[in-house]
Amino acid sequence: MLTLLNEDAKRRLQAILKVARQLAVTKSTENAPQAIAAISVLARGFDGEDAGDVETLSSLLLPQNPPELRSAAAAALSRTGRKEVPELLLAGWNSHSPPLRSQILDALAAREDWSLRSEEHTSEL
């Protein structure tokens, strides 16, 4: 993506992504709307940091995070289409709330290769 942009646009995009990465991991409930917006731009292939973004998004699924951040992280991970996403989404299954579980199952069912892996995982639970 960066190869298509001029230098000024690259700098602006990098600045936006830097702020988004900082906001995504905020623990302040008053910044939750900004964090949710920030989460939505991570792991989109805008730069070479997708692996780190996926790790950040995965960490946001932990139960100590607010439900709205967990939901936004699950949605962002699902958008990536990466092969490791089913395992990341299902890793904390026992600690996920019923609404988050439903969201995860919907995301996994939307992709055939993911739905097969989710079936295997949930049969083990």
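A crossing of two helices is left-handed if the near helix is turned anticlockwise from the far one by less than a right angle, and right-handed if clockwise. The legends below describe a predicted model, in which local features need pLDDT of at least 70, side-chain atom pairs count only at pLDDT 80 or more, and totals for chains, interfaces and linings use all residues. Residues are numbered from 1 along each chain as its sequence is written, and side-chain values use heavy atoms, with hydrogens and water left out.

**View 1. Crossing of helix 1 (residues 7–24) and helix 2 (residues 32–39).** Helices are DSSP runs (H or I, at least four residues), numbered from the N terminus. The two axes, lines fitted to C-alpha atoms over the stretch in contact, come within 8 Å and cross at roughly 125 degrees, on a scale from 0 to 180 degrees between N-to-C directions. The crossing of helix 1 and helix 2 is left-handed.

**View 2. Residues joining helix 1 to helix 2.** A20, L23 and A24 of helix 1 meet Q34, A35, A38 and I39 of helix 2 (contact: heavy atoms within 4.5 Å). Six of the contact residues are nonpolar, one is polar and none is charged.

**View 3. Surroundings of D47 in the loop between helix 2 and helix 3 (50–59).** D47 is buried (under 20% relative accessible area, 1.4 Å probe, protein chains only), with a value of 12%. Its side chain forms a polar contact of 3.0 Å with the side chain of R21 (N or O atoms within 3.5 Å, one able to donate a hydrogen and the other to accept it; residues adjacent in sequence count only if both atoms are side-chain atoms). The D47 side chain also reaches the backbone nitrogen of E49 at 3.1 Å.

Technical notes. Helices (H or I, at least four residues) and strands (E, at least two) are DSSP runs, numbered from the N terminus. Ala, Val, Leu, Ile, Met, Phe, Trp, Tyr, Cys and Pro count as nonpolar, Asp, Glu, Lys and Arg as charged, and the others, Gly among them, as polar. Buried means under 20% relative accessible area, exposed over 50%, partly exposed in between (1.4 Å probe, protein chains only).
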